[in-house]
Every structure is written in structure tokens, then in C-alpha cells.
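The following exercises concern a single protein chain. Please examine the sequence and the structure before attempting them, and compare each result with the worked solution.

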Amino acid sequence: MRRLPIAFAIALFLVSCTEEKEHIAPAIHDRDSVSMMTTYGVNTLISDSGVMKYRIVTERWDVNVIKNPSRWEFMKGIFLEQFDNKFHVEGYIQADTAWYYDVKRLWHLRGRVRIRNVNGLIFTSEELFWDGIKHEFYSNVFSKVITPERTMQGTYFRSDERMTHYLITNSKGSFLPEDMTGEDKQEPTDTTSQPALPTRQPAVRHAASPKPTDTDTP
């Protein structure tokens, strides 16, 4: 029987005694990125103070209460309808991406933001904030407002929730000064009676009296 070389035998011994080690990456424990709820294909009604006020339509809705501040995320876009107290549609809002900070009651809309209200006003921008506590919209980027009468645009926008009173600064477009408040104002009419100015009487030409002649002398 042939003997194995000593070096080869030692190598076999070391290989047989070495335990197999599995190479595994460390586990990821990023709880801050985990959503508590993820819902797909959403079409639901949202109430405000016990009254149905909004309809949300979105492809994906994530609710994350771990992030600070907590938020709802709509990374696949959002379409939001707003109703009045009689459930009539007052307008709609849509955007490519949206975040809703539930504690702050603040919406952050980004990417092809579009709003239309019941009066036919159309608002477009790339970013818009909606403060549910102050009940107002505002944007610090280029925005455009189109009404049935005219078009306005500027780099700063602020408005009430109904888009009836709004402010645009650094603006340009076809508009009147009263458009800066979103109201159509009429110029005051002066109804104070003024005394009539005296009019010049037309000149009257009188016929000249005939000159006396010698034959007229008695």
C-alpha cells in the first residue's frame, strides 16, 4: 500500500476539519422605511368632521406612522375630488406624487399639479402645498391660473381652499389689478349731482334802425 505524501495528508486533514462558513450580509433593520399599510387600486371616500368631503383615487397608498412626521404617501399619483355639504362636486386636485402629513394636516403635491374649481378656474404648477389648518393653498414655484376671462402666472401663489380669493406675485399675463385678489370689482360711480354750468345765450342780430331823412322832418 502506497503512503500519501505527508504534505498532501496534512492538506486533506485541514480541509476536512474546516467548517463550512456561510457568507451572509448583515440584516437590514430600517424600520423607518416600512409602511404600516400599503393598499393598491384605491377608490375611497374620506370624511372631515363627520361629513364626506373627499374622494381619493390612486394606484398605491402607503401609510407610515413610524416616519417623523407620520404621513400618507401616494407615490403613483393621486386624484382627489372635493364635495360640498350636499355631496355636490366642488372641484378636483391631481398630481403625480403626493404626501399627506396627518398630524400637521398638510398636503404636499408635486409633479403636474392641477386644480379645477366649480367656477371653472384652472390652476397648474409643479408643486403645491395645502394647509388644512389654515385652509389655504400656497406655492413658491412658477404657477398659472386660468379663468374663463383671462390668464395669470407668477412665481408665488396663495389662495383660500375654494380658489375664490388668491394672490400671485412676480406675475405676468393678461389681467386686471383686481385679479390679484380673485374678485371682480367695479369702479365706484360718482353719483354726486353737480350744478349745471351756465350756458352762453346765442347772439341775436338786431336790424338797424333807419336813419332820418329830410322828408321825414315835419
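Helices (H or I, at least four residues) and strands (E, at least two) are DSSP runs, numbered from the N terminus. The model is predicted: local features need pLDDT of at least 70, side-chain atom pairs count only at pLDDT 80 or more, and totals for chains, interfaces and linings use all residues. Residues are numbered from 1 along each chain as its sequence is written, and side-chain values use heavy atoms, with hydrogens and water left out.

**Exercise 1. Backbone angles**

Task: Locate histidine 135 and methionine 163, and state whether each is buried, partly exposed or exposed.

Solution.
Step 1. Histidine 135 is found in the loop between β8 (122-131) and β9 (136-139). Its phi is near 55°, a positive value in a residue other than glycine.
Step 2. Methionine 163 lies in the loop between β12 (156-160) and β13 (166-169). Its phi is also positive, about 60°, although methionine 163 is not a glycine.
Step 3. Apply the cut-offs: buried means under 20% relative accessible area, exposed over 50%, and partly exposed in between (1.4 Å probe, protein chains only). Histidine 135 has a relative accessible area of 40%, so it is partly exposed. Methionine 163 has 3%, so it is buried.
Step 4. Consider the peptide bond from asparagine 68 to proline 69, which is cis, with omega near 0°. Proline 69 is placed in the loop between β2 and β3. For comparison, most residues other than glycine have a negative phi, and most peptide bonds are trans.

**Exercise 2. Aromatic pairs**

Task: Determine how the rings of phenylalanine 74 and tryptophan 107 are arranged, and which parts of the chain the pair ties together.

Solution.
Step 1. Rings of Phe, Tyr and Trp (its six-membered ring) pair if their centres lie within 6.5 Å; planes under 30 degrees apart count as stacked, over 60 as edge-to-face and the rest as tilted. The structure holds 12 aromatic pairs.
Step 2. In one of them, tryptophan 61 and phenylalanine 74 are stacked, at 5.6 Å centre to centre and 25° between the planes. Tryptophan 61 is in strand β2 (residues 51-64) and phenylalanine 74 in strand β3 (residues 71-74), 13 residues apart.
Step 3. The ring centres of phenylalanine 74 and tryptophan 107 are 5.7 Å apart and their planes are at 25°, so this pair is stacked. Because phenylalanine 74 lies in strand β3 and tryptophan 107 in strand β7 (residues 106-117), the pair ties together parts that are 33 residues apart in sequence.
Step 4. Phenylalanine 74, at 0% relative accessibility, counts as buried; tryptophan 107, at 9%, counts as buried.
Step 5. One aromatic cluster is formed by Tyr54, Trp61, Trp72, Phe74, Tyr100, Trp107, Trp130 and Phe137.

**Exercise 3. The nonpolar core**

Task: Which residues touch the most other members of the largest nonpolar core?

Solution.
Step 1. A nonpolar core is a set of buried Ala, Val, Leu, Ile, Met, Phe, Trp, Tyr and Cys residues joined through side-chain atoms within 4.5 Å.
Step 2. Among the 29 residues of the largest nonpolar core, Trp107 and Phe157 touch the most other members.
Step 3. Contact means heavy atoms within 4.5 Å. Leaving aside neighbours within four places in sequence, phenylalanine 157 is in contact with residues including Phe123, Leu128, Phe137 and Met163.
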